[in-house]
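Work through the exercises below with the structure open beside you. Try each task before reading its solution.

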Amino acid sequence: MDFLQSFSLRDLLIFSPESYFKLFELSNKALWPLHIPFGLLAIIAIVVLYKRQHFATQFYLAWLGLVWGFVGYSYFGVFYSQISTYAHYVNYFFWAEALLLFLYAFVANHESIYSIKTPLGKWRIISGYSLIVYGVFIHPMVSLFIWNQSIIRLELFSIAPDPTAIATIGFTLLLPARGYLILVVIPSLWLLLSIMTYQAF
Amino acid sequence: MKRRQFIQTVLATTGVVIAPNLLAAKNENGAKINTKVIPSSGEILPVIGLGSFVNFNFPDDAETISQRTQLLDKFFIMGGKLIDSSPMYGSAEKNLGLCIRPDPAKSKLFSATKVWTSSVENGAKEIETSRQLWKEDKFDLLQVHNLLSWQGHLETLLEMKQQKQLRYVGITTSHGRRHNDLEDIMLTQPIDFVQATYNVRDREIEQRILPIAKERGIAIIANRPFQRGALVDWANKYPLPDFAKELDCDNWASLLLKYIISHPAVTCAIPATTRIDHLVENMSALSGPMPDKATRTKIQNMVAHL
């Protein structure tokens with residue numbers, strides 16, 4: 001135990017902040033101009049979510065599944081794994097979240113979970129929309145400002161993991177059935193890991 | 001008489017080894033640099049090497065590769081030789097392989113890496129992967145990283161050394177961890193190098209590890225010389241003491257490194273950096289006089305009271 005306690009967060013970090021932020025630059029360069037359709041899809045998802053149509057829930061769950069699968073493969077599998085051996089394992093967690101989202105979109109009991117008659121609490125609606133707006137529109141700017149990075153290193157929803165996880169928690173909070181809260185576990189774990197990484201910087 | 005005892009005796013009786021057993025060599029610019037002797041072979045090594053933890057773990061990017069190549073060029077020009085890495089350092093080994101120019105840098109390199117796997121069976125495979133990443137025919141020094149599965153790995157490394165696939169065998173620790181186990185290994189195993197944390201604030205190895213190294217003829221590589229940058233960042237807030245001029249030190253990095261390498265049992269220190277200006281400061285510790293015992297005490301007291 002003493003041995004384990006002798007490690008600080010910083011000791012566990014094997015890359016510099018510069019290398020970490022470089023990943024966003026490299027992934028943005030490699031994926032451009034996918035940012036445009038990805039951004040449009042995010043806006044469409046918010047609109048259909050607001051309408052609360054039956055198909056809307058199914059649509060954005062399936063779309064979120066694709067986003068998580070893509071971020072897992074692209075960010076962790078291709079880029080982050082270059083500076084961290086453990087990124088491959090995180091990639092599997094992102095795929096697990098993608099699978100869960102697909103299961104809820106296509107396999108789960110639609111009658112109970114897609115019921116649009118289920119009223120949502122006021123705070124749940126406020127929290128959900130706030131997290132979505134923060135994840136999609138505000139977090140990328142905040143991150144640039146706090147860490148004094150150039151625009152090319154923008155962390156964008158559906159490309160970078162932090163805004164994707166934040167907005168996913170928001171989307172999940174707006175789902176009618178409580179069973180959906182299981183979808184929050186992996187995004188929350190990732191955000192915890194991400195906060196620890198920033199603390200170690 | 002064992003080889004290393006013989007070498008130590010010869011060096012001592014011929015007066016080559018002076019306190020603190022520093023020898024002067026020259027770098028590419030013809031400037032004198034301080035070196036020390038590897039006790040087990042008599043080979044000389046510049047007292048400042050280069051670590052690759054964090055600074056060489058970067059994603060595939062032409063701009064960064066070009067900058068680090070320049071950094072390594074400067075390192076070799078200023079007289080550096082030993083570069084230390086590990087499979088644990090992400091892409092560091094791969095990037096070193098990309099950034100060390102085939103010629104003439106390669107000919108000056110003293111390559112040091114580690115074996116870092118709990119499976120002894122996978123050790124040889126990991127070493128081969130490292131060798132390919134470094135683009136080296138064979139390593140100068142292979143070390144068991146953080147004493148991980150050390151019994152099995154040491155057997156492999158000693159066997160490799162016997163078959164001339166490797167020149168030196170070592171073992172590493174850091175942050176003052178597992179020093180009791182390290183002592184036992186130093187007392188019982190025929191190793192050439194030990195790597196451990198040593199700087200003006202982390203001086204635990206002065207108690208047992210350094211005396212054993214001196215007695216047994218084991219070279220010491222000091223890691224974390226700046227406590228991952230924290231020590232030199234902290235020191236830079238204060239003016240350099242007047243006596244630094246007598247040691248030809250015009251920056252804190254140089255003074256803090258000279259404190260480390262002036263210990264008679266320490267062979268070299270391996271600061272890591274990404275910046276060429278910082279590298280130049282570090283490498284300036286390769287030249288000029290070393291602090292004597294009284295000056296070392298002054299440095300200790302000064303750091304304690306700052």
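A residue counts as buried under 20% relative accessible area, as exposed over 50%, and as partly exposed in between. Keep in mind that the model is predicted.

**Exercise 1. A pair within one helix**

Task: Classify K29(A) by its relative accessible area, and do the same for its salt-bridge partner E25(A).

Solution:
- Step 1. Find the pair. K29(A) forms a salt bridge with E25(A), and the closest N and O atoms are 3.0 Å apart.
- Step 2. Place the two residues. Both lie in helix α3 of chain A, four residues apart, about one turn of the helix.
- Step 3. Apply the cut-offs. K29(A) has a relative accessible area of 48%, so K29(A) is partly exposed. E25(A) has 8%, so E25(A) is buried.

**Exercise 2. From the pair to the network**

Task: Which residues are linked with K29(A) and E25(A) in a network of salt bridges?

Solution:
- Step 1. List the members from chain A: E18(A), K22(A), E25(A), K29(A) and R153(A).
- Step 2. Add those from chain B: D61(B) and E63(B).
- Step 3. Look at one link between the chains. K22(A) forms a salt bridge with D61(B), with the closest N and O atoms 3.1 Å apart.
- Step 4. Set this in context. The rule finds three salt bridges across the interface of chain A and chain B. Over all chains, the structure holds 18.

**Exercise 3. The interface**

Task: Describe the contact of chain A and chain B by residues, buried area and polar contacts.

Solution:
- Step 1. Count residues. Chain A supplies 16 and chain B supplies 19.
- Step 2. Take the area. The two chains bury about 1,500 Å² between them, with 49% of it on carbon and sulfur atoms.
- Step 3. Turn to polar contacts. Nine residue pairs are in polar contact across the interface, both residues being at pLDDT 80 or more.
- Step 4. Assign the chain A side to elements. Those giving two or more residues are α2 (9–12) and α3 (17–31) of chain A. α3(A) gives the most, with four residues.
- Step 5. Sort the chain A side by class. There are nine nonpolar, four polar and three charged residues.

**Exercise 4. A glutamate in a loop**

Task: Is E155(A) buried or exposed, and which residues is E155(A) in contact with beyond four places in sequence?

Solution:
- Step 1. Locate the residue. E155(A) is found in the loop between α8 (122–147) and α9 (161–173) of chain A.
- Step 2. Check accessibility. The value is 1%, so E155(A) counts as buried.
- Step 3. List the contacts. Leaving aside neighbours within four places in sequence, they are F21(A), F24(A), H139(A), P140(A), S143(A), A160(A), D162(A), P163(A) and Y198(A).
- Step 4. Pick out the polar contact with Y198(A). The side chains of E155(A) and Y198(A) are joined at 3.3 Å.
- Step 5. Place this in the chain. Chain A has 10 helices and zero strands. Buried residues make up 51% of its 201 residues.

**Exercise 5. Two salt bridges in chain B**

Task: What parts of chain B does the pair K114(B) and D84(B) tie together, and what parts does R208(B) with E183(B) tie together?

Solution:
- Step 1. Take K114(B) and D84(B). Their closest N and O atoms are 2.7 Å apart. K114(B) lies in strand β6 (residues 110–115) of chain B and D84(B) in strand β5 (residues 82–84), so the pair ties together parts 30 residues apart in sequence.
- Step 2. Check burial. K114(B) is buried at 2% relative accessibility, and D84(B) is buried at 2%.
- Step 3. Take R208(B) and E183(B). The closest N and O atoms of this salt bridge are 3.1 Å apart. R208(B) lies in the loop between β9 (193–197) and α8 (209–216) of chain B and E183(B) in helix α7 (residues 179–188), so the pair ties together parts 25 residues apart in sequence.
- Step 4. Check burial again. R208(B) is partly exposed at 42%, whereas E183(B) is buried at 12%.

**Exercise 6. Backbone exceptions**

Task: Where is the cis peptide bond of chain A, and what is phi of K135(B) and of D248(B)?

Solution:
- Step 1. Recall the usual case. Most residues other than glycine have a negative phi, and most peptide bonds are trans.
- Step 2. Find the cis bond. It joins W32(A) and P33(A), with omega about 10°. P33(A) sits in the loop between α3 and α4 (35–51) of chain A.
- Step 3. Read phi. K135(B) has a positive phi near 60°, and D248(B) also has a positive phi near 60°.
- Step 4. Place both residues. K135(B) is in the loop between α5 (120–134) and β7 (139–144) of chain B. D248(B) is in the loop between α10 (243–246) and α11 (252–261) of chain B.

Technical notes. Residues numbered from 1 in each chain as written. Chains lettered and ligands numbered in written order. Predicted model: local features only at pLDDT ≥ 70, side-chain atom pairs only at ≥ 80, totals over all residues. Heavy atoms only, no water. Contact = heavy atoms within 4.5 Å. Buried area = accessible area lost by both parts, 1.4 Å probe. Salt bridge = Lys/Arg side-chain N within 4 Å of Asp/Glu carboxyl O. Polar contact = N/O pair within 3.5 Å; in protein donor to acceptor, adjacent residues only side chain to side chain. Nonpolar A, V, L, I, M, F, W, Y, C, P; charged D, E, K, R; others polar. Buried < 20%, exposed > 50% of the residue type's maximum accessible area, 1.4 Å probe, protein only.
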